Amino acid sequence: MRMRKKAWARPELSDCPYFIGSPEEWKGRWSEWFPEKHPIHLELGCGKGVFLAQLAPLHPEINYIGVDQSPDVLGVARRNLETAYGEQEKPVHNVALMAHHIEDMPKIVNQSDRVERIYINFCNPWSKVRHHKRRMTHPNQLELYKAFLADGAEIHFKTDDEDLYLATLRYFKEGGFTLLRSTQNLHAEQWFESPSTEHELMFSAQGIPIKAAVARWEKKK
């Protein structure tokens, strides 16, 4: 579902010190952009930032990049981050936001950036067979991520969609990733720290089980 255009979003983002308007300029140099040099984690399709706003303030030892193609939704993410960090009386210091197409991520990050984790939360399931290649966990997409993943990096994935979940387990194997853990009912097991997204809260309220998986990428020796 598309978010209605928000007139205030772009002006607020233009004044936001952690919104990156030209991320291509930092390709291979993201450790220089952040105030402190820490491992980099990406959330692809960060939406309103509900997930990042819960996770990032708890982990100052991690630098997070939230990516979404919609400036309007990123405007909401910025406000959610400001609220979360404000409650801790701290500035937002370990998060960067950018409006970008996921399939173009290799244009803004590379192996020098050593991304150690990707979060993919409730992406479009693209249910029709002819659209499966658009899935963010499809082997074609996984190949794109390898362009900037560090050796031993992980992908953390969550969805409400059964078909996408089962397909993703297969995609990881086809893409050369090692499946570390998977579940068809995350909230019943609670086996890793994973704050709820806005979609997760909605689906859980409807009684829909949340599926999740973690896979690791290791370069061939």
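Begin by selecting helix 4 in this predicted model, and colour Pro71, Asp72, Val73, Leu74, Gly75, Val76, Ala77, Arg78, Leu81, Ala84 and Tyr85, which are buried residues of that helix. The whole helix covers residues 71-87, a run of 17 residues. From its first C-alpha to its last it reaches 24 Å, close to the 24 Å expected at 1.5 Å a residue.

Next, display the surroundings of this helix. Its buried residues pack against helix 1 (9-14) and helix 3 (50-55), as well as strand 2 (63-68) and strand 3 (95-99). Helix 4 lies across strand 2 and strand 3, and its direction makes about 170° with strand 3. Just after the helix, select glutamate 89, where the backbone takes a positive phi of about 55°.

Now turn to strand 2. How many of its six residues are buried? Six of the six are, and the strand is thus described as mostly covered. Asn63, Ile65 and Val67 point one way, whereas Tyr64, Gly66 and Asp68 point the other way.

Add strand 1 (residues 40-44), which pairs with strand 2 in the parallel sense over five bridges. Within this pairing, leucine 44 stands opposite valine 67 of strand 2. Follow the chain from strand 1 through helix 3 to strand 2: this β-α-β crossover is right-handed.

On to strand 3. Strand 2 and strand 3 also pair in the parallel sense, over five bridges. Here valine 67 has methionine 98 of strand 3 as its bridge partner. The chain passes from strand 2 through helix 4 to strand 3, and this β-α-β crossover is right-handed.

Then show the complete sheet. It is open, has seven strands in the order 3-2-1-4-5-7-6, and its pairing is mixed. Why is one side of strand 3 and of strand 6 (178-183) left without a neighbour in the sheet? Both strands stand at the edges and have a single partner strand each, so one side of each remains without a neighbour. On average, neighbouring strands of this sheet are turned by 15° against each other, direction ignored.

Finish at the edge formed by strand 6. Strand 6 pairs with strand 7 (residues 211-217) in the antiparallel sense over five bridges. Select leucine 179 to find its bridge partner in strand 7, alanine 215. Helix 6 (residues 162-174) packs on the sheet here, touching strand 5 (149-159), strand 6 and strand 7. The direction of helix 6 makes about 165° with that of strand 5.

Methods: Residues numbered from 1 in each chain as written. Predicted model: local features only at pLDDT ≥ 70, side-chain atom pairs only at ≥ 80, totals over all residues. Heavy atoms only, no water. Helix = DSSP H or I, 4+ residues; strand = E, 2+ residues; numbered from the N terminus. Expected span 1.5 Å × (residues − 1). Buried < 20%, exposed > 50% of the residue type's maximum accessible area, 1.4 Å probe, protein only. Contact = heavy atoms within 4.5 Å. Pairing = 2+ DSSP bridges. Axes fitted to C-alpha atoms, helices over the stretch in contact; angles between N-to-C directions. Right-handed = clockwise from strand over helix to strand, strands pointing away.
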